[in-house]
Amino acid sequence: MNKRFPATALAAALALSLAACGSASSSTSNSGSGDSATIKIALIPPTTGALAQFGTDAVKGWQIAVDEVNAKGGIDGHKVELLKKGTDGDTATTLRVAKEAVAKEGAGFIGAVMTSPEHAALNAQLQGLGALSFNALGKDDALVGDQCAANAFHIVQTNSMDINALAGSIGSMPGNKWAIVAVDYATGHSAAKEFTSAAKAAGKQVVSTQFAPLNTTDFGSYITKVKSSGADAVFAVEYGADGIAFVKQANQFNLTKSLKTVLGFNMVSEPLFPALGASIQGFYNNVGYDVAGDNTLNKTFVSDYTKKYGSAPYYVPADNYVAAETLFAGIDKADSIDPEKVRDALDGLTFDSIVGSVTMRADDHQLLRPSYLGQVVKGDGGDAFKIVATAQPDKTTPQAESACSF
Amino acid sequence: MTATTLPEVSQSNAEVPAGRRSRRGLVFGLTVAVVVAAVGYAVPYVIKDTYTMSLAVEAALLGLLALGIGFLARHLGLISLGHTSFFGGAAYAVGVGVNHYGWSMTQSFAFGVLVGTALSLVMGVLVVRASGMGFLMLTLALSQALYQLCVQTSFRPLTGAYDGLLISFRPDDTFAGVNASDLQNPGLFWPIVWIVLIVCVVAVWLLGRSPFGTILEGVRENEERMRFSNYNTFRPRLAAFVLSGLVASLGGALFALNGAYVSPDILGFSRAGDSLIAAMVGGLGSLIGPLLGTGLYVWGEAHLNTGGNLHLYTGIALIVVLVFLPGGVTGTLQRIWRRLRKERPGMGGRR
Amino acid sequence: MNAAQVLNGIALGSLLMVLSSGLAMIYGLRGVTNFAHGALYMSGAYIAYSVSLHVSFWLALVVVPVALALIGVVLELVFFRPLQNRSHIELGLVTFGLALIAERVVVLIWGEKTLSVDPPPGLRGTTSLFGVEYPTFRLAIIVAAVVMAVALVTWLRRTRTGLYIRAASQDLETAGIMGIDVNRISLIVVSLGAALAGLAGALAAPYVSLDPGMGDTFLIIVLIVVVVGGVGSIAGAMISGMALGIIQTLTTVWSPSVAVVVPYVALVVVLLWRPQGLAGRRV
């Protein structure tokens, strides 16, 4: 009664004023794509946890591409602006940040989102947002399968593409009893499943399969289980800092010495070499990007990146750079910065990139590009990847998955 | 003042003793509800911006969660960290209904609310005999157990484990007259969640004024004496717990319909803490306190979260409220209001 | 089920033991369920990281407990003592708020990336034990924890301060009436409890990497351990901690889904059927 009244009145007043604040600040922004001449790209990398380093490097890839393009006066006269956001990896946060960037700041394009679950949720919203997403790290096959979206473009290779690339080499890797330790996400599960079939086809045996949640820091139980399974080779799908923890602890348990082969999947990459130490020499890992790739665009990219950031690029910034190349190629072809027109222009588009000539497949929006298998070898300036096998997209992804329909 | 709960909770109804709640108050309250409902309907026409509208929808959905927490705290003096499991459980159930069983949105919504309420029944049976810190720990433990179960690999086909559950609604399916893709548009979803919120607020308010509410107060103040007076204290407590769980489940089921995606984080420790803090900062002693607190929380999440600092502010807000401003925002305002009224000459003062 | 898995369980149990002893002391004396205990553990780990990086890990093992003891003093003087007449829930929630703030401050200072600390040279390798090869550092953790446990229990049983602490934990009012300076004892207990949490963090740093979520990971388990172990019983908490570490690790080998709910089931069972805990003496 009397005590409810002021509370009610106050609540109503507060709510209305907050809403007024909200709508007032938004009325100054426009919806972005049509009237503004700037191309706005929202980058939403992870800023915390095991993948934080990758988040920073993803942004670097975009930055180099944008600096290059702006130095030339923009694309068809449109300058490019990066809206650098961040997320803690919780999909709800990523979606909120994306919605805000699109609705309030006029971003027409989204990049640097990292994990497959975030992409799955984002894909579902893209139509409603009217924006395009460029996925340069979420490798789960479902993202070009039943979770595909017309507004989403898959720049990085999918897990099955990579596994198909290394399938042929499994037979020649020493070790017959394989243990799998993978991250407990859809990507980890699909990688494990595909590896198992490829290994069986090569005549190998899979004796143990385990999944560890992302941000696992204690791999003791997993390692002990691998040891007691009698495995002599390991297929490990652990990302970022989890990969570092896994490798270090495997050394501490003397597991590494007892294995004939360690095949990392998205685990071992150049920036982690110092942290991983000399024990990883001889490790195999899928390589999505060959830093020594012999084409002009790549050489320019590598030298610009090394000059600006002090170290050579690896697959994360490189794939994000390719994402930028894809977007710019689409804008160029469409002769417009309207997301819908860019989307249509990208279907079937072939263009030159730092990874060679690539094509954006219209059926599932997968970028067709080669995949590699590398081995860590001791080089002059430290450890480096030696490419031991290459596979072209006609082998790794001969056709789009039927589950994908726009 | 019971030593096992917060002081403002005990004081919340001290001003208006049970017998004096008049018909005038009832009519006044219902009129306010109708007016507020009507005003709320107009909100999407005032706020054209989708982003702000989505914040409003989020606040309303989480408001249902906070309303449940607040109801329990206000009438039984029990502070719960477990209500996110009903909210999240209902959301997951909606997803399971659509994805796994192929049901329509309306059927899945009903299923979601049912599952959430059933969870609250199960949890309630285990926890309502406890009070104070024991109750808090139990609700926390049980809700975290549910979270752990949800992310288990063995449940992956059902819940999506760590990836969360992407809900694929049939495009031609409708819920309350709105079709699947429009449900994700906050402006079009708003009327649904607003009506549900107002109805729940009124229902909770009426329950508080009813004889049931009086029994709950008696249990809160002195459980032993109630038992000696031949009242079965277990059943009213369980009923109150389940009702608060029902309200939270409504929020969760609607949340799933609107977002089409359920992440396991919704069942996690962090969210449970946030929902409680939001309700407390708003004020557990009043009906709308938790709603106000949730509004502040959503606003803070959107505007103060630069660099992920939201929890810094919620932590500070919690301590400030506990130490200096018991009763949260609404409690403090009520105190100021009362002091102002007392100072007016000729006002005969309340005791 | 081999020796390595058992050792894994004991290593985890050792960490839990150190953490829960600190929490049990604070809980027993002040009646506060210290939700900030995870944040104290995290602070200890991050401080250990910095000290290890610039000087050495051994120095960190000395610096961290001291630093955390000082934080404990602040906790006692600024929060627990002035608010000691509030209800237990209010105090618990205050520590909850402190945990949120502290965890954010740590991340603001040290950054959000996962950090790793190498074990000190000398403890870096592998030891052969019971027919398995086990990381030397984890064995060191076990040894350190057991030494600490024995030292703590001996100190509580043999010294006068220990006697006062046990008395005050059993019945605060009577202890005060009997002439024990409750405020001084509280100060000792809270700073010691915080120091133990910090020590656990320092020991854990080379074992589990440092990440912003590390406080929360352990918090609920440690709270459960203390409640299960029993109000006011430090030995009970330590034994429950070790037991839970072993049980959970071994159960994970058999069935991960069951293993994760073991602590929660234990808590529910204890709170409903024996609220004073397995070894507790009063409700």
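# Exercises on domain and chain contacts

The area buried between domain 1 of chain A and domain 2 of chain A is about 1,600 Å², and carbon and sulfur atoms give 63% of that area. The model is predicted. Work through the exercises with the structure open.

**Exercise 1. Describe the contact between the two domains of chain A.**

Step 1. Set the bounds. The assignment gives domain 1 as 8-157 + 294-369 and domain 2 as 160-287 + 372-396.

Step 2. Place the centres. Taken over C-alpha atoms, the centres of domain 1 and domain 2 of chain A are 30 Å apart.

Step 3. Count residues. In chain A, 16 residues of domain 1 touch 20 residues of domain 2.

Step 4. Find the main contributors. Ala50(A), Lys139(A) and Asp141(A) supply 30% of the area that domain 1 of chain A buries against domain 2 of chain A, more than any other three residues.

**Exercise 2. Which residue does Lys139(A) form a salt bridge with? Then characterise the domain 1 side of the contact.**

Step 1. Count the salt bridges. Between domain 1 and domain 2 of chain A there is one.

Step 2. Look at Lys139(A). Its salt-bridge partner is Asp162(A), and the closest N and O atoms are 2.4 Å apart. A salt bridge is counted within 4 Å, and this pair is at 2.4 Å.

Step 3. Add the polar contacts. Four residue pairs are in polar contact between domain 1 and domain 2 of chain A, both residues at pLDDT 80 or more.

Step 4. Locate the elements. Helix 4 (116-129) and strand 13 (367-368) of chain A are the elements that give two or more residues to the side of domain 1 that touches domain 2.

Step 5. Sort by class. That side of domain 1 of chain A has eight nonpolar, four polar and four charged residues.

**Exercise 3. Trace the strand pairing from strand 10 to strand 15 of chain A.**

Step 1. Start at strand 10 (residues 284-287) of chain A. It pairs with strand 14 (residues 371-379) of chain A in the antiparallel sense, over four bridges. Val287(A) stands opposite Tyr372(A) in strand 14.

Step 2. Move on to strand 15 (residues 382-391) of chain A. Strand 14 and strand 15 pair in the antiparallel sense over nine bridges. Here Lys378(A) has Asp383(A) as its bridge partner.

Step 3. Check the connection. A hairpin through two residues joins strand 14 to strand 15 of chain A.

**Exercise 4. Analyse the interface of chain C and chain B.**

Step 1. Count residues. Chain C gives 35 residues to the contact and chain B gives 39.

Step 2. Take the area. Chain C and chain B bury about 3,100 Å² between them, with 81% on carbon and sulfur atoms. Ile89(C), Leu93(C) and Tyr264(C) supply 20% of the area that chain C buries against chain B, more than any other three residues.

Step 3. Check polar terms. Zero salt bridges are found across this interface of chain C and chain B. Three residue pairs are in polar contact there, both at pLDDT 80 or more.

Step 4. Assign elements. Helix 4 (88-110), helix 9 (214-229) and helix 11 (256-273) of chain C each supply at least two residues of the side that touches chain B. Helix 4 of chain C gives the most, with 14 residues.

Step 5. Sort by class. The chain C side divides into 24 nonpolar, six polar and five charged residues.

**Exercise 5. Why does the salt bridge of Lys308(A) and Asp67(A) tie together parts that are apart in sequence?**

Step 1. Take the total. Over all chains there are 21 salt bridges.

Step 2. Examine the pair. Lys308(A) and Asp67(A) form a salt bridge, with the closest N and O atoms 2.9 Å apart.

Step 3. Place both residues. Lys308(A) lies in helix 11 (residues 296-309) of chain A and Asp67(A) in helix 2 (residues 52-71) of chain A, so the pair ties together parts 241 residues apart in sequence.

Technical notes. Residues are numbered from 1 along each chain as its sequence is written. Chains are lettered from A and ligands numbered from 1 in the order in which they are written. This is a predicted model: local features need pLDDT of at least 70, side-chain atom pairs count only at pLDDT 80 or more; totals for chains, interfaces and linings use all residues. Side-chain values use heavy atoms; hydrogens and water are left out. Two strands pair if DSSP finds at least two bridges between them. Domain bounds come from an automatic or database domain assignment. Contact means heavy atoms within 4.5 Å. Buried area is the accessible area (1.4 Å probe) that two parts lose on being put together, summed over both. A salt bridge is a side-chain nitrogen of Lys or Arg within 4 Å of a carboxyl oxygen of Asp or Glu. A polar contact is a pair of N or O atoms within 3.5 Å; within protein, one must be able to donate a hydrogen and the other to accept it, and residues adjacent in sequence count only if both atoms are side-chain atoms. Ala, Val, Leu, Ile, Met, Phe, Trp, Tyr, Cys and Pro count as nonpolar, Asp, Glu, Lys and Arg as charged, and the others, Gly among them, as polar.
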